[in-house]
Amino acid sequence: MRLVSITLRDVRPKRFVLHSPFQPQHSSRPFQLFLGDFQLPALHGRGIRRFFSTASLNDPKTPLGVFLSGLSDKLQVTQTPHTKQQKPDIPLIQETRLFGKWSALLTDPFRLAVESDFDRQGPAKTWRSQLLVDKFENRSDLALWSALLDYQKRINGDSGVLNVWKGLWGRKTLYDVSSPLAPVFWRTILEAAVKPDDHNFLKSIWIYSEWMYDLHGVKWPQLYSTVLSHFLRTRQHHQALQWQLRLAPNFYPGADEFASMIKQFATDHELYRTPTLESLYILNLDRQLYDILVPYLYSLGASQLAAKWRRICTLHDDLPLAPVPARPFLRFLQGYYPHVLLNPEESAAIGDFDLEAAEDAKRIEISREFVNRVHGGTFGISVKNYNDRLGAKWLASSWVKLDTAISTISALGIEQIGPLSLQSIALREGTSEGVLNRIKQLQEQEITIVESNYLRLVLYLARIKDDELLLDLLQSDLHPDVFDDVGLQEQLVISTARSGDWRAHRLLLVTKLVTTEKSTREAANILARIYILRKDQQKLSKLLKDMKIMEVTINHDQTSLIFESLVTEAKSTFLPKESLYFYLSICRQLASMEIPVPVRCWRKLLFSLARQGRIDDLEKVCIELVDMFTSIQSSRPGFAPVHPEDIPESMRKPLSGVENLLGVYIPLDLPTQRPLHPLRQVFDNKMLGTIIRCSFYSCLTEQGGRATAPTLQTRHQEPGKFYGGRAVRLMRMLYDRGLFVDRQRLATWVKLRFITLYGPGYPIKRALQAVKAKNRLTLVEMKTLLDEVWGEEFLPPIKELHAEIETRGRKVMVKDMKYLQERGKTMPQLRVAL
């Protein structure tokens, strides 16, 4: 056998050994494969061949004719990195026997060198016999050409492939694409052709492939996908479009392969600098990407790209044909972008049937599910009770496809099935992955499964991928109700052990393990409730840590108790120190467990920290919150968990019947300036204004009487050394992490603080009098400090700034004087009690 499509080191002997063509040498010497610093075990045997898919190029010395005349000594190769999306569809190992009568030739390097010297300028110059490829009986022998290509590729790399191609091009006798060696042969040539900057090699392949198709009705394997993928990977926009136009008429691979190619590069943002992928889609007449590409991008958390491709697809009448795949994205789009108008097909996918427009109503496909819902809503027909035994027989019927059976149940309005129906579905799948996919399909169809130990056992075995035990469970004679009867289980454990029925015995033991996990969860949640009511931070924190390690989930009831207690106790955004740090610690721990905390709770905590002057903790929590929704990777990559009460109403409504719902995942790339983004709800104008005011004054009060004016090189200083600029520094840190901050509004809040420090008159509040008295920086120094902290000019020029402070300060003086006169008081004097 021989290895293909692997980069190997060419290990050559110190001396060149000639082998007689009449006495082929069969060496049993093992050889080893080297992949960088990794050494594979030595391979032994007579049928082992080495194959090199990439190697250095040697200069070609012979012309190819009109189309290959440009390929000269300056042949260049563009090295491209291997991407994760690339999947080899050719086996890495091929058996020597596939070469048939040429198997012996593989071990004769001298004869291979002669037979692959097609222009007779090298080893074949003195060879008196006719070359094997020129004999009539060998003219279309792919095995012979494969042996010669194998040798030239291994010895001379891509220039050797070019040498073989020149010989093949001049003869035009080969068009076999069906033999076992064909995929490797044609792909090896094609991969060498796409690398040079000069595309004459590739153009000649295109002409040859047109000849194959025109005269013999066969297509060059993987021609379209290999060429287009190369130009997309190397980001050659014009070449990709040019070759799309050349290859699409005769070599278009079909909608599925085209969609797979677009999926492979859809997340490469460099390709969107020029509309490369969009252009390929528009040029392609077979446009069926919506159901494939849009759900795929959204599943990666790339909601912006999904929305972009949704716009492209809908502009070209490429609409969802299946409702289930696109439903999560469309609900997200409807919730966070309510101004976006959905097409009737998209509205039908999420169950939003708006029939006000007559022309749109005509476009909606009238399905049985649609009619049943309309009739049920009109005549008040309730959902029929589901008979689990009859449903199980229906789902087990082999003459009905499982997809059809599930869709029928959904169309009839069935909202829940029992364990027998689950057993029938799982039996028809037979594998862990298939069972999990079917359960996911039921959830997408909004069909739930009755909670039972049987369901827990099926899920447990499927998640750990124990297919053998899962099949034993599904084929067991034990009724699903047995697994909910603890007493009967104890008796069966004893009886199966005595009778030697070890399969049933093992199932019962696993059931005890699963039910024990349920008991552990119930016990842990009871303890959590007790600690919450006692406000025992130490024990509750340790319990939550243990639950996280053991992967035991806290129930919705306990989290709701924490959140409601926090909101109830934090009257007017004030919490005592002990309560503040109790709730703050628990909320941060819950967030680390991917249990989302409501926005209202975070706001209470942040307001309390700011107004109590706890700036260090305030900064830490703010940064953690922003990272939580912009960069931290959760168990679902590309998404962040959000509390159900903080998602849009249109997304919350379909989840109303879900039990123990702790949170919903939304994409991380949702812009933070969207009104319903969790960060936008937490850090609204009121919150940011409060943070600026409290942080600004707190820093001045703490440092003003003791610290000297800070230096201007503040970018890498400790937070405490930022003086009055610490609040601006925090805003800049949040802004750099992705939080939407209105710079003009932020500058306005800072100017209001400057009125206290540098405005005319004197503040009427004693706390502000102390702040003004302790300030040691001039306006010029303060402006320079804040500009340096922000990283660029933050405030207007000093003259403009001074004039604005003077104007606003006088307005404040008039207002304060009027206020004091109404109460019979006078303006404070220029004194301060330190």
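In this predicted model, strand β7, which covers residues 639–642, is enclosed on both of its faces. Phe639 and Pro641 are buried on one side, while Ala640 and Val642 are buried on the other. This pattern is easy to follow with one general idea in mind: in a regular strand the side chains alternate between the two faces of the sheet. The partner of β7 is strand β8 (residues 664–667), and the two strands run antiparallel, joined by four bridges. Within this pairing, Phe639 stands opposite Pro667 of β8.

Attention now turns to the helices. Helix α35 spans residues 779–790, and its length can be checked with simple arithmetic: with 12 residues at 1.5 Å a residue, it should span 16 Å, and because its end C-alpha atoms are 16 Å apart, the expectation and the model agree. Several residues of α35 are buried, namely Leu779, Met782, Lys783, Leu785, Leu786, Asp787, Val789 and Trp790. A helpful background point is that an α-helix has 3.6 residues a turn, so residues three or four places apart point the same way. After α35 comes Gly791, which has a positive phi near 100°.

A second helical feature is the meeting of α8 (residues 255–265) with α10 (residues 290–299), whose axes come within 10 Å and cross at roughly 25°. Since angles under 35 degrees count as roughly parallel, α8 and α10 are therefore described as roughly parallel to each other. The crossing of α8 past α10 is right-handed.

The loops offer two residues worth a closer look. Most residues other than glycine have a negative phi. Lys172, however, is not a glycine and yet has a positive phi of about 50°. Lys172 sits in the loop between α3 (158–171) and α4 (182–193), and its relative accessible area of 31% is why it is classed as partly exposed. Gln222 is another residue other than glycine with a positive phi, in this case near 60°. The loop that holds Gln222 runs between α5 (200–216) and α6 (223–233). Gln222 counts as partly exposed because its relative accessibility is 36%.

Finally, the cysteines can be considered. A disulfide is a covalent bond between the sulfur atoms of two cysteines. The structure holds zero disulfides. As for individual cysteines, Cys313 counts as buried because its relative accessibility is 0%, and Cys622, at 0% relative accessibility, therefore counts as buried too.

Note on methods: Residues numbered from 1 in each chain as written. Predicted model: local features only at pLDDT ≥ 70, side-chain atom pairs only at ≥ 80, totals over all residues. Heavy atoms only, no water. Buried < 20%, exposed > 50% of the residue type's maximum accessible area, 1.4 Å probe, protein only. Pairing = 2+ DSSP bridges. Expected span 1.5 Å × (residues − 1). Disulfide = S-S within 2.5 Å. Axes fitted to C-alpha atoms, helices over the stretch in contact; angles between N-to-C directions. Parallel < 35°, antiparallel > 145°, perpendicular 65-115°, else oblique. Left-handed = near helix turned anticlockwise from the far one by under 90°.
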